[in-house]
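Reader: I am new to reading structures and would like a close look at a single part of this one. Please take the place where the two chains meet, and then say how it sits in the rest.

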Amino acid sequence: MSRNPVSKDEADTIVLRPARGWAGLRLRDLWKYRELIYFLTWRDIKVRYKQALLGVAWAVLQPILTMVIFSVILGYLLNVPTDNGVPYPVFSFVALLPWQLFASALQRTSASLVGNANLLTKVYFPRLVIPVSAVGAGLVDFAISFLVLIGLMLFYKIQPTWNILWLPLLVLLALLTAIAVGLWLSALNVQYRDVQHMVPFVIQAWFYASPVVYSSSIIPSAKWQLVYALNPMAGVIQGFRWALLGTQAPDASLAVSSAVVLVLLVSGLFFFKRMERTFADIV
Amino acid sequence: MSNVAIRVEDLGKRYRIGALAQRNDTLRDQLVDFGGRLVRRLARRADPSEQAASTLWALRHVSFEVERGQVLGVIGRNGAGKSTLLKILSRITDPTEGTVTIRGRVGSLLEVGTGFHPELTGRENIYLNGAILGMKRSEIDRKFDEIVAFSEVEQFIDTPVKRYSSGMYLRLAFAVAAHLEPEILVVDEVLAVGDAEFQKKCLGKMGDVAQQGRTVLFVSHNMSAILRLTQETIVLDKGRLVMRAASPEAVDYYLSAGHARAGERLWEADEIPAEAAPFQPIALRLRDRRGAVVDTVRSVEPFTVEVEYRLTAPVTGLRVGVYLYTGRGEPVFTSFDTDEPAMFERHTDRPAGHYLSRCVVPADLLNQGRYTLGVNASSYHIRRYFEDDQALDFNVDPAGAPGMHWAENRQGVVRPRLDWQIERLA
């Protein structure tokens, strides 16, 4: 019973007619359905950690093992330089945190509509609820990994800077990037299932295009730095290193990154809105 | 005017058959298809009939109004447009033409248990499902105990629902849905499932809803439920509204006129959904003891049910079978051609070809009345190729049946000839 929770004082009359052209975004609807977003996110988290021990253990192990592999191969064997001589394990782990948050959010978002097809064809609610609620679940993994990072920084006796206060905004930027791209991919995935085969590859390519295992200072000139910042994750990761390890501030790149995210997000929203009316018919 | 809760004006919904028949699921298909479509599009401009042929109006020129507090029944054969109508009214899909004006909050119940997650407990699923159906958290908190009590699963409320029996699962799902309080309620066939007792409980709850003066749109194949719950009913046929009348009259019309096919149901190519391939139904027939195709069989004689079909490709694990329902939609039995293990072994792989699966329904089984046959072709747990649960209607004539020398109506679906003994003990 998709009871439409429009409060009584608002107009209760709904007129349904064929939609044509570009629809308004109606983001206010999303706010009205905030509880549903909460419950769907909660469901994802709950289901993920249902087999408790194993679930939490993986959240810790995955980034640590990745970090160890990178540290041995890239840090020790290939001697990849880091910023300000930060030990390679910390250097890569700080970048892995936002990266994995982003990658898992993107993966889940792009599969979200198809994964929730049964909801799409049975109940009405703003379709945006689905990709948006797919993003949040990764935050728990992130929080757990963050504890590991604190341990790592204590071990290497690295003091974070006061810029750590910017971290929430950087996390938000990473999530918005995932939503923005996820909106495009999830809507396309409804029609073309190729997308789900494409996503792992996109994420992998994106990984190498982001300064996770290397320092962004290897990009030659300031001009190219800005081009590099077209990848929003470059700005986010630089920001993380700056806030936690006190490396060079990412001012200009972060501005470029934010602008790119904004463009992707707004265009993604409109594209999604345009596609959403056929979801139930073709999913 | 202000008393109208739902106004539907000239409503139409068109589906592209092309999109169903050859869904371009992958980019590759789409690319391969691109050239072909380009050519066709040019050709289509010259021949407008082709565009008409590639689309299907699931609903067209439908207009009606529902007054506040009215309970309106919606009946029609499969594919008549009932589900499409409900989907439009509950905002799941957009109309292609026409408008719908709805005054009041709509709650639609197209399937119970939508969004239930097997790993979550009953308690967790109540909250999740409630939120999906549009309830506020505070509202769920308030009604929680009532929902649990209605569902009768108190003991298992903290057990993951994957451990529930299907009956418990269903009761819990319905309990959540039943505690929503929309002003307009749209209900689809949720009562077709569950045991008889629970169905009764659901019907009772639906009756309560109606009594509270809320507007209800009730779609069902269960004619007795329609008669019990609604005063007025609309009949849909091939996407058109063909009748709106007092429910007994509409049900009569539907049962007779809508179904008049003398003992045989033939499927035209355009009636077979593309998903059915490689199964192609041709006919469902009823034959009496002499082999004549009939629409009335005798209770005291065996009769034959046959399904004729074609397989355009070999199928493994196929079972073709029939459902039997009473005229009021209550199930009587389900039977498949490979129900016997030996038959299943012999026919595990069915090569492409033209087939007839037939069975004999024994004498002295069915009581007098009207029955409906359905067809199902599937591979167990793998795929359902084709299903039509209202393919053919027929009558059972009681002449000669046990007890006919008393002019009374015998209750019950079956009318067996039982071997009575009378002994004098003293």
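Author: What follows starts with the sheet shared by the two chains and then moves outward to each chain. The model is predicted.

The shared sheet is open and has four strands, in the order 1(A)-4(B)-1(B)-2(B). The pairing in this sheet is antiparallel. The labels in brackets show that strand 1 comes from chain A, while strands 4, 1 and 2 come from chain B. Strand 1 of chain A and strand 2 (55–67) of chain B stand at the edges; each has a single partner strand, so one side of each is left without a neighbour in the sheet. From one strand to the next, the twist averages 15 degrees.

Now take the pairings one by one. Strand 1 of chain A covers residues 13–16 and is joined to strand 4 of chain B by four bridges. These two strands run antiparallel. A residue pair to find here is A:Val15 with its bridge partner B:Thr101, in strand 4 of chain B. Strand 4 of chain B is also joined to strand 1 of chain B, residues 4–16, by five bridges, again with the strands running antiparallel. In that pairing, B:Gly12 has B:Glu97 as its bridge partner.

The contact between the chains takes in 47 residues from chain B and 34 residues from chain A. On the side of chain B that touches chain A, helix 4 (82–89), strand 4 (97–103), strand 5 (106–109) and helix 5 (122–132) each supply at least two residues. Strand 4 of chain B gives the most, with six residues. By kind, the residues on this side of chain B divide into 22 nonpolar, 13 polar and 12 charged.

Next comes chain A as a whole. Chain A has 12 helices and one strand. Along the sequence, the strand is followed by the helices, in the pattern β-α-α-α-α-α-α-α-α-α-α-α-α. For its 283 residues the globule rule gives 19 Å, and the radius of gyration of chain A is close to this at 21 Å, so chain A is as compact as a globular protein of that length. Its C-alpha trace spans about 65 × 45 × 40 Å along the principal axes. Of the residues of chain A, 44% count as buried. Among contacts in chain A with a separation of 6 or more, 81% are between residues 24 or more positions apart.

One residue of chain A serves as an example of burial. A:Phe125 lies in the loop between helix 5 (117–120) and helix 6 (129–135) of chain A. A:Phe125 has 25 C-beta neighbours inside 10 Å, and the cut-off for a buried residue is 20 or more, so A:Phe125 counts as buried.

Chain B is divided into domain 1 (59–258) and domain 2 (264–397). The C-alpha centres of these two domains of chain B lie 29 Å apart. Chain B also holds an open sheet of five strands, in the order 12-20-19-15-16, with mixed pairing. Here strand 12 (296–298) and strand 16 (331–336) of chain B are at the edges with a single partner strand each, so one side of each is left without a neighbour in the sheet. Neighbouring strands of this sheet are turned by 30 degrees against each other on average, direction ignored. Strand 15 of chain B, residues 318–326, pairs with strand 16 of chain B in the antiparallel sense over five bridges. Within strand 16 of chain B, B:Phe333 is the bridge partner of B:Leu324.

Technical notes: Residues are numbered from 1 along each chain as its sequence is written. Chains are lettered from A and ligands numbered from 1 in the order in which they are written. This is a predicted model: local features need pLDDT of at least 70, side-chain atom pairs count only at pLDDT 80 or more; totals for chains, interfaces and linings use all residues. Two strands pair if DSSP finds at least two bridges between them. Axes are lines fitted to C-alpha atoms, for helices over the stretch in contact, and angles run from 0 to 180 degrees between N-to-C directions. Domain bounds come from an automatic or database domain assignment. Two residues are in contact if their C-beta atoms, placed from the backbone, lie within 7 Å. Ala, Val, Leu, Ile, Met, Phe, Trp, Tyr, Cys and Pro count as nonpolar, Asp, Glu, Lys and Arg as charged, and the others, Gly among them, as polar. The radius of gyration is taken over C-alpha atoms; the globule rule is 2.2 Å times the number of residues to the power 0.38. A residue is buried if 20 or more other C-beta atoms lie within 10 Å of its own, exposed if 12 or fewer, and partly exposed in between; C-beta atoms are placed from the backbone.
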